[in-house]
Amino acid sequence: MILLGEMSLWIALLVAGWACVTSFTGGVLRRQDLIASGERAVYATWGFVVVASLGLWTALVQHDFSLRYVASYTSRNLPHLYTLSAFWAGQAGSMLFWALILTTYSAIAVWSNRNRNRVLMPYVSGVLAAVTLFFLATICFGDSPFERLPYDVIDGNGMNPQLQNPGMAFHPPNLYLGYVATTVPFAFAIAALITRRLDAEWLAAVRRWALVSWFFLTIGITLGMWWAYVELGWGGYWAWDPVENASLLPWLTGTAFLHSIMIQEKRGMLRKWNVVLVVSTFLLAILGTFITRSGVIQSVHSFAQSPVGVWFGALLVIALSVTTYLVVTRLHNLEAKAELESMLSREAAFLYNNVLLVGIAFSVMWGTLFPILSEAVRGTKITVGPPFFNAVNVPLGLLLLALTGIGPLIAWRRTSVSNVRRQFAVPAFTAIVVGAVLLVLGMREWHALVAYILAGFVSGTILQEFYKGVGARMRMHGENPIMAFVRLVARNRRRYGGYIVHAGVVMLFCAFAGLAFKREFDVTLTTGQAFRATDPYGHAWRFVSDGISRFDALNRQVTAVTLKPWRDGRAMPLIESEKRQHVDSRGQPTFEPSTAVGIYEKPSQDVYVVFTGQTAPDTAEIRITFNPLVWWVWYGGMVMALGGLIVMWPASDRTRAQSGYAAVMRPAARPSPADAAL
Amino acid sequence: MSRHRHTESYTRRDFLIAAAVGVAGVALPRRARGQDTQQSGEQDGQGVTQGPRTTMSGPMNESAYRPVVLPPKPGAKPSMSDGQRDALEHQLHCQCGCTLDVFTCRTTDFTCPVSPPMHHDIVNLVLGGYTAAEILDAFRKTYGERVLMSPVREGFNWAGYVAPFVALGGATVAVAALIRRWRGVTAGVTGDAAASLPADAPAATPDEMARLDAAIRDDER
C-alpha cells in the first residue's frame, strides 16, 4: 500500500499536468473532447491522491520507520489519534494533505458544475489542475513524505508534545480546509476574466465556496486560539504571531467579499472590487503558507526553513502577475451596472465595512512584514509584537464593530432621516444603558468601555431585527415565538444567519475587551502554603498548595502541582498543572519538557494556573492568572461558525424562486384634464 | 472588436509564457529536506538522540543573555510595584529565540536560560530606582532595538505605525470620491432612465411607485 501510494503520487502529478493542458486547450479551441478529458483527469487526480494519502496513513499506522517522515513525527508509544494526525504534523505530510483537500474540492467543483457554467468550466478545471500540479510537484520534487531512510530505525522521534493536543489534531485540518477552499473562487474568477463573462454568473458559483472557506477558517482560527491557550501556557490565545496573522488575512478579505458580493448581486456594483477580493483572498492564503514554510519570519507555529518556501514565493509572484494582467486588461468589462444613490445606504455601509476589513488586513500584513522591511531599509532587526498590533488594530476593530451594528439598520439604496431615527432608537438606548451601568460600576478602561458600549449597540440592533421579524411572523401566521423564530431564520438564512454571525462577533469583542482586566500573579508555594489574591470582579481567592506529585503516563513522565482554591471562603474544584517530560518507547527523554495548564473555567472568568518551575522537592513556582471572559472566545467562535453554516445551507427551490423581483413598472402618465373630467 | 481579439490572443500567449515560467520556477529549486522547528531530535541508526535545545519558535540561543547593570541611584527606592514591573517585562522581548516577552517566557518555558537573568536585571534596576523608560533604554543600548516588543516611535519606525492609517485614510477618501462620482452620474441619468423603460411596462401611479419602492427596500433588507 505504501509503495502504491508513492507511485500514485507520481501518477497524480502526470494526470494533473494532463488535466491542466487539456482543460486550457479545450477551452481555447472549444473542443468538447479535450474539455471532457480534462474534467475526467481532475477526477482521476483526486483518486490517485486519495490512494497516495491512504499509503501515508498506512505507513503511519503500521509504524513503518523506513520512511523518514514516519520516523520523524511518530513513535511506537504515540497515542492513536496523534499517529493519524501526524499526517499533517510535518512539512511533507501537510503538503500531501493540502493536495488531498484541493483535489477533493476540485472534483466536487467540476462535478457540481457538470451542467452549469460550461463556458467557464474548462478554465476553472485548468486553474484548479494548475494549482494541484504545483502542490504535487512541490511534494514529488521538493519534500516527499515517502522518502526512505538509508538505515533501519528501531523507534521514531515521536511527535512534539505541544502538538499532542486534541485542538492541534483538528485545528490544522480546518485551517487547510479554509485555505484550500479559496482556490475554487480564485479559479472561477480567473475563468471569468479569461472568458470576459464577468456578470453575476461566476459570483453565484463561488459564493458558497467563499462561505465554505470562511466557515472552516473561522473554526480553524478558533481552535488554534484554544490550542494556544490550553497548550502553550502563556495565558493568552492570540499573540499576533506571524502565522496567526497569516490565517487571519484571508479570513478578513473573505469576510469583506461575503459582504461586497451582496452589493453586486443586488445592485450590480463593486464588480472590480469583488474580483480583487477573491484573488487577494487566494493570494493571502498562499502568502500565509509562504510565511509558514519559508522560515522568512520567526514564528511559534512555523515549519523549518526549507526549499518549498521558494516554490511558494514563485507561485505567489506568478499568480499575482497573471491576475493583475487579467484584471487590468478587463477593467472595461468590470464597470458597475448601477450607481450609488446615497451615502446613507446599506451598500455604502458595506463599502465602509469593506474598507475597514481590508484596512485591518493591510495593517496586519504590514506589521507582520515590517521587521523584514526595517532590516532591508535600516539594517536593524526589530520586533513587532502585540503592543504594535494592538495600537494599530484596536481602533480599527472598534470602528468595524460599530459598523456591524449600523449596517443592518440602514436600508438599501437610501435611508430617510425619520427611518434612521426610528431604527437607531433601540440600539442607541441599549448602548447608553450599557455604558452608564459600566461607568457606575467603576469601569475606567476606555478601550474596554467603548467596546462594551458598541457591543451593546450591536446587540440592540440584532435583537431589534429578530424581534421585528418574529413579531411579524407571529402576527401574519399566528405562530408561537419559537416557531416564528425558527421559520424566520429558515426562510431567510442569509439575513438572519448573518445576524447570528454578528452575535458571535459581539461575543468575541466582549471577550477581547475582557483582556483589559486580566490579572497575573507569579508565586512560589511550598506544600500547605497559601496565596491570597483578588480577582477582577473583587472576589477574594485563596490558593493552598496541595503538594507536588510525580507519576508516569502513557508516553510521558509527569510532575504535577495541585492547588486547592477557595473563593470568598467557598471551596472550589482542585486545579492541577503539569510539567511533562515525554519519553520514547525505551523510556528515554524526547523533546524539551512541556506544560499542561490547569484551568478552572467559568463564563465570567478562567482561573489559569501554570506550573512554571520547581525550586525544592516540595516548592513550586506557579503563575496564577485571572482571565475574564475567555470562555466567550470559544463560544463566540462557535456561534459565528453556526451562523455561517445557516447562511451557506442550501435554500430550497421554492425559497430561491421567491427571492428577487422581475416586474418592471413605469410611472403612469399624469391623467389629462379630459380623463379627469370623465 | 479587433482590439478585443488582439487582447485575447495576447492573453493566451501571456498565460502560456507565465505557465512555462511557473513550471521552470517549480523545477529549479534543489531537492532538500527540512523538519519542523518544533522537532528537536535527530534520527540515527539506533533510535533517538537529543539535538540542540529548542524554544517554541526554533533553536534556542542559550548564550543570548547580556548583563544590563547600572549602579543604583543615590538613596534609591524601588521605582515601581511588582505589577508595574511585570507590565514592563511584557514590553521586553526575551532573546532566547522565542517570540515571547520576558515575563511570559520566564513563566512559561522553564527551560529558558535567558529570560530569568533578564528578569533579575530588571529587578535590580527597579530596586536601583530606575524608571520604566530608563530601563527600556538600558536594555535597548545593550541588545539593540529588537529587545523591545514594539518599535520605538521614531524615524523610519513611524512608517510602521502610520502606514495603516494613511492607507485607510486614502481608501476612505477614494471611496468618498467614488460615491460622489456615482451620485453625480445617477443624478444625470435619472430622467433618462424612466424614459428608457419598456413601452409595455405596466403603468403605476406615483403613490404606487412609492409603495412598491418601500416594499422592495423592505424585502431587500
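The following paragraphs describe a predicted model of two chains, A and B, from overall confidence down to single residues.

The model scores ipTM 0.71 and pTM 0.83. Chain A has a mean pLDDT of 87, and 93% of its residues reach 70 or more. Within chain A, pLDDT stays under 50 over residues 657-678. The model gives that stretch 22 contacts beyond four places in sequence. Chain B averages a pLDDT of 70, with 54% of its residues scoring at least 70. Residues 1-12 of chain B stay under 50 and have five contacts beyond four places in sequence. Residues 25-50 of chain B are also below 50. Beyond near neighbours in sequence, 75 contacts are modelled for residues 25-50 of chain B. Where pLDDT is low, predicted coordinates should not be read in detail.

Chain A is divided into four domains. Domain 1 covers 1-159, and domain 2 covers 165-334 + 346-359. Domain 3 takes in 394-516 + 635-650, while domain 4 spans 517-631. The C-alpha centres of domains 1 and 2 of chain A lie 22 Å apart. At their boundary, 25 residues of domain 1 are in contact with 28 residues of domain 2. Helices H4 (80-85), H5 (91-112) and H6 (121-142) of chain A each supply at least two residues of the domain 1 side. That side of domain 1 comprises 17 nonpolar residues, seven polar and one charged.

Helix H5 of chain A also packs against helix H2 (residues 32-61) of chain A. Their axes come within 9 Å and cross at roughly 150°. The crossing is left-handed. Residues of H2(A) in this contact include A:Glu39, A:Tyr43, A:Trp46 and A:Leu56. On H5(A), the partners include A:Gly93, A:Leu96, A:Leu100 and A:Val110. By class, the contact has 12 nonpolar, six polar and one charged residues.

A second helix pair of chain A is formed by H15 (residues 417-440) and H16 (residues 446-477). Here the axes are 7 Å apart, at an angle of about 145°. The crossing of H15(A) and H16(A) is right-handed. H15(A) contributes residues including A:Val426, A:Pro427, A:Phe429 and A:Leu438. H16(A) contributes, among them, A:Leu449, A:Tyr452, A:Phe457 and A:Gln464. The contact of H15(A) with H16(A) has 13 nonpolar residues, seven polar and no charged ones.

Two loop residues of chain A have positive phi without being glycine. A:His63 has a phi of about 50°. A:His63 is found in the loop between H2 and helix H3 (68-73) of chain A. With 18 other C-beta atoms within 10 Å, A:His63 is partly exposed. For A:Leu629, phi is near 65°. A:Leu629 is placed in the loop between strand E10 (619-628) and helix H19 (631-648) of chain A. A:Leu629 counts as buried because it has 22 C-beta neighbours inside 10 Å, where 20 or more are required.

A:Glu375 lies in helix H13 (residues 346-378) of chain A. A:Glu375 has 13 other C-beta atoms within 10 Å, so it is partly exposed. Leaving aside neighbours within four places in sequence, A:Glu375 is in contact with A:Thr380 and A:Lys381. A:Val544 is 169 residues from A:Glu375 in sequence. In space, A:Glu375 and A:Val544 are 49 Å apart, C-alpha to C-alpha.

Terms used. Residues are numbered from 1 along each chain as its sequence is written. Chains are lettered from A and ligands numbered from 1 in the order in which they are written. This is a predicted model: local features need pLDDT of at least 70, side-chain atom pairs count only at pLDDT 80 or more; totals for chains, interfaces and linings use all residues. pLDDT is the predictor's confidence in each residue, from 0 to 100. Two residues are in contact if their C-beta atoms, placed from the backbone, lie within 7 Å. Domain bounds come from an automatic or database domain assignment. Helices (H or I, at least four residues) and strands (E, at least two) are DSSP runs, numbered from the N terminus. Ala, Val, Leu, Ile, Met, Phe, Trp, Tyr, Cys and Pro count as nonpolar, Asp, Glu, Lys and Arg as charged, and the others, Gly among them, as polar. A residue is buried if 20 or more other C-beta atoms lie within 10 Å of its own, exposed if 12 or fewer, and partly exposed in between; C-beta atoms are placed from the backbone. Axes are lines fitted to C-alpha atoms, for helices over the stretch in contact, and angles run from 0 to 180 degrees between N-to-C directions. A crossing is left-handed if the near helix is turned anticlockwise from the far one by less than a right angle, and right-handed if clockwise.
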